[in-house]
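Could you walk me through this model one feature at a time? I'd like the general idea first, and then the case at hand.

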Amino acid sequence: MSELKPIKEGKVREVYDNGDSIIMVATDRISAFDVILKNKIVNKGAILTQMSRFWFDYTKDILPNHMISVDVKDMPEFFQKEEYKGNAMMCKKLTMLPIECIVRGYITGTGWQSYQKDGTVCGISLPAGLKESDKLPEPNYTPTTKADLGDHDEHITFADTVAILEKEFPGRGEELATALRDNTLALYKKCADYALTCGIIIADTKFEFGLDDKGQLVLGDEMLTPDSSRFWPAKGYEPGKSQPSFDKQFVRDWLKANPDSDYFLPEDVIAKTIEKYEEAYQLLTKKPFVKG
Ligand SMILES: Nc1ncnc2c1ncn2[C@@H]1O[C@H](COP(=O)(O)OP(=O)(O)O)[C@@H](O)[C@H]1O
Ligand SMILES: [Mg+2]
């Protein structure tokens, strides 16, 4: 059996090349305040992969997505191991578009900071009098460039998006930029409305799209996981302050209270965090999480 090396190793995910397909593996690593913690959150990777799988199924009528299989039996022999059960997704290999398609339904984070300065978020003027974490009148599409490692993603206008895409795909800039915006908003609206009925506010998220071998637009990457989105518990939601993170609040609170911890968490914080991932999965899919 040949040893496979990831073609890309991110903070929490690994990507393997498999010819016409790729295998995306979500590990049990967790980051907080942009640092990888020393502990593993057991089953986090599998839960996030299964969550993406749920959303890809739920939205395939809006746009095709890259998911092929989450069953390791369909994958090369290298992945037929316990450590890849449930957390590996085989996906159609796409030519990725260099745009991070961000959509915000609520005002928080850098959007809230910018609004306090001048009443705008990424160049979009918003009504006066919004409070921190308020729901926006309409979800806002605020794309950024997809910067190389180390560089910062930059906010871009719709016209910038057209220009960037036109350069890479001559004759298709306008069409693709429009499709990115419209699909991002449609996907977010359908899923955020559904999540709310399950007790979860999806405050914002990021999608990535690519083109398949026929040049058709396809949704790629992970989808609506707490790693690519802000999940807030709907219970206790109250604008006028920052909201707790559905999954990482225990971790963040503990790290803030223990600045000398060297990013090693005690067992009870790990256990409570694992429970939060399982709870999010169960609320959204209406099924308990079972590995494998
Ligand atoms: N279907 C796909 N085909 C090819 N590349 C993909 C596909 N889906 C996602 N990707 C890319 O795989 C990578 C996933 O790596 P990730 O760990 O998220 O790191 P980063 O976001 O920092 O690049 C991203 O570069 C993403 O654009
Ligand atoms: Mg990424």
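**Reading the model**

Q: What classes of residue does the shell around ligand 1 have?
A: Sort the residues into three bins: nonpolar (Ala, Val, Leu, Ile, Met, Phe, Trp, Tyr, Cys and Pro), charged (Asp, Glu, Lys and Arg) and polar (the others, Gly among them). Here, the shell around ligand 1 has six charged, five nonpolar and four polar residues. Keep in mind that this is a predicted model, where local features need pLDDT of at least 70 and side-chain atom pairs count only at pLDDT 80 or more, while totals for chains, interfaces and linings use all residues. As for labels, residues are numbered from 1 along each chain as its sequence is written, and chains are lettered from A and ligands numbered from 1 in the order in which they are written.

Q: Which residues come nearest to ligand 1?
A: A residue counts as near if its C-beta atom, placed from the backbone, lies within 6 Å of the molecule. There are 15 residues around ligand 1, and the nearest are Gly-10, Arg-13, His-66, Leu-94 and Gly-220.

Q: Which strands each supply at least two residues of that shell?
A: Strands are DSSP runs of E with at least two residues, helices are runs of H or I with at least four, and both are numbered from the N terminus. For ligand 1, the strands are S2 (13-18), S7 (88-92) and S14 (200-211). Over the chain, the tally is 16 strands and six helices.

Q: How is the chain divided into domains?
A: The bounds come from an automatic or database domain assignment. Domain 1 is 8-95 + 253-285, and domain 2 is 96-233. Their centres, taken over C-alpha atoms, are 21 Å apart. Back at the ligand, domain 1 and domain 2 each give at least three residues to the shell.

Q: How many residues of each domain are in contact with the other?
A: Contact means that the two C-beta atoms, placed from the backbone, lie within 7 Å. On that count, 20 residues of domain 1 meet 24 residues of domain 2. On the domain 1 side, helix H1 (44-58), S7 and helix H6 (267-285) each chip in at least two residues, and H1 has the largest share, with six. That side of domain 1 has 14 nonpolar, five polar and one charged residues.

Q: Why does the length of helix H4 look right?
A: The expected span is 1.5 Å times one less than the number of residues. H4 (residues 173-197) has 25 residues and should span 36 Å, so the 37 Å between its end C-alpha atoms agrees.

Q: Which residues of H4 are buried?
A: Count the other C-beta atoms, placed from the backbone, within 10 Å of a residue's own: 20 or more is buried, 12 or fewer is exposed, and in between is partly exposed. An α-helix has 3.6 residues a turn, so residues three or four places apart point the same way. The buried residues of H4 include Leu-176, Leu-180, Thr-184, Leu-187, Cys-191 and Ala-195. Just after H4, Gly-199 has a positive phi of about 90 degrees.

Q: Is Glu-208 buried or exposed?
A: Glu-208 sits in strand S14 and is buried, because it has 20 C-beta neighbours inside 10 Å. Glu-208 touches Met-96, Glu-100, Cys-101, Gly-220 and Asp-221, leaving out residues up to four places away in sequence. With Cys-101, the gap is 107 residues in sequence but 6.1 Å in space, C-alpha to C-alpha.

Q: Where does Asp-34 lie, and where is Ser-133?
A: Both are in loops, so start with phi and then check burial by the neighbour count. Asp-34 is in the loop between strands S4 (29-32) and S5 (35-40), with a positive phi of about 70 degrees although it is not a glycine. Asp-34 is exposed, because it has 6 C-beta neighbours inside 10 Å. Ser-133 is in the loop between strands S11 (124-125) and S12 (135-141); it is not a glycine either, and its phi is positive at about 75 degrees. Ser-133 is buried, because 21 other C-beta atoms lie within 10 Å.

Q: Why is the chain called as compact as a globular protein of its length?
A: Compare the radius of gyration, taken over C-alpha atoms, with the globule rule, 2.2 Å times the number of residues to the power 0.38. The chain's radius is 19 Å, close to the 19 Å that the rule gives for 292 residues, so the chain is as compact as a globular protein of that length. Buried residues make up 36% of the 292.
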